[in-house]
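Q: Please take a close look at a single strand of this model and at what surrounds it. A connected account is wanted, moving outward from the strand to the packing around it.

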Amino acid sequence: MRALGADNAHMGGLGVGGMVAQVAALDFPNVFTALTLVGTRAVAPGPVDDDLPDHDANVMAALFSRPSPDWADRTAVVAHAAESASLLHNDPDQAGRLAGRIWDRTPSKAPAVHMANQRATVFARLDCAPRWREHLGEIRMPTLVVHGRLDPFFPVGNGRALAAEIPGARLLILDDMGTGLPEQASGEVAAAMLDL
């Protein structure tokens, strides 16, 4: 924030980025004026708390039983992302475009680097101790929790729990959303963010 010359900002995060945003809001409460959490949950990657719904086992099996693409081939990676999107109730075209942008901004051409960037596997190695879920009640900034009713990765119960644990949080459930924010919902979500 200092590098950008800003005193404060509205913090947002999607998926694992939403986990990072929760921790940032707790660690730096005077820096952010509002918080938006999209398709995320209140615990780190790994085993989920007993009261939270875990990943849909059938969807995860279907996702990870498919052969990996040639990570050195941009076209194959984009096609793989588009195919995965359907399993996650996301728009295949939108997912393919995003995979292409991720490919294009990856500085290394090494297949392992492309795989890590596309799958965001680096987050599985994060040390997320101490837990932050028990501190969510300390968040005092206006908060919007956006979750897809069709999300098989972090099922909608995660969004409900998150909104219930952050004082005054508003929950927006999008009926046609899976794991990714559909482009056609961006106006509704932006309006909800501005209403905080």
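A: In this predicted model, the side chains of strand β3 fall into two sets: T143, V145 and H147 point one way, L144, V146 and G148 point the other way, and all of them are buried. In a regular strand the side chains alternate between the two faces of the sheet. β3 covers residues 143-148, and 6 of its 6 residues are buried.

The strand has paired neighbours. Strand β2 (residues 32-38) runs parallel to β3 and is joined to it by 4 bridges. Within that pairing, V146 of β3 is the bridge partner of V38. β3 also pairs with strand β4 (residues 170-174), again in the parallel sense, over 5 bridges. There, L144 stands opposite R170 of β4. The connection from β3 to β4 involves helix α6 (residues 156-165), and the three elements make a right-handed β-α-β unit.

Helix α6 leads to the packing. The largest nonpolar core has 20 residues, and those that touch the most other members are L35, L37, L136, I139, L162 and I166. α1 (16-27), β2 and α6 are the elements that give two or more residues to this core. α1 supplies the largest share, 4 residues. Residues from β3 itself appear in a second, separate core of 9 residues, which includes L144 and V146 together with L174 and A192.

L162 links several of these parts. Apart from residues up to four places away in sequence, L162 touches Q22, L37, T40, A42, L136 and V145; V145 is among the β3 residues that point the same way as T143 and H147.

Q22 lies in helix α1. Q22 counts as buried because its relative accessible area is 0%, under the 20% limit. Beyond four places in sequence, Q22 is in contact with L37, T40, R41, A42, W132, L136, I139 and L162.

One of those contacts, R41, sits in the loop between β2 and α2 (57-65). R41 is also buried, because its relative accessibility is 1%. Its contacts outside the four nearest places in sequence are M19, Q22, G46, V48, D54, H55, W132, F154 and N158. R41 and G159 are 118 residues apart in sequence, yet their C-alpha atoms are 6.3 Å apart in space.

Note on methods: Residues numbered from 1 in each chain as written. Predicted model: local features only at pLDDT ≥ 70, side-chain atom pairs only at ≥ 80, totals over all residues. Heavy atoms only, no water. Buried < 20%, exposed > 50% of the residue type's maximum accessible area, 1.4 Å probe, protein only. Pairing = 2+ DSSP bridges. Right-handed = clockwise from strand over helix to strand, strands pointing away. Core = buried A, V, L, I, M, F, W, Y, C linked by side-chain atoms within 4.5 Å. Contact = heavy atoms within 4.5 Å.
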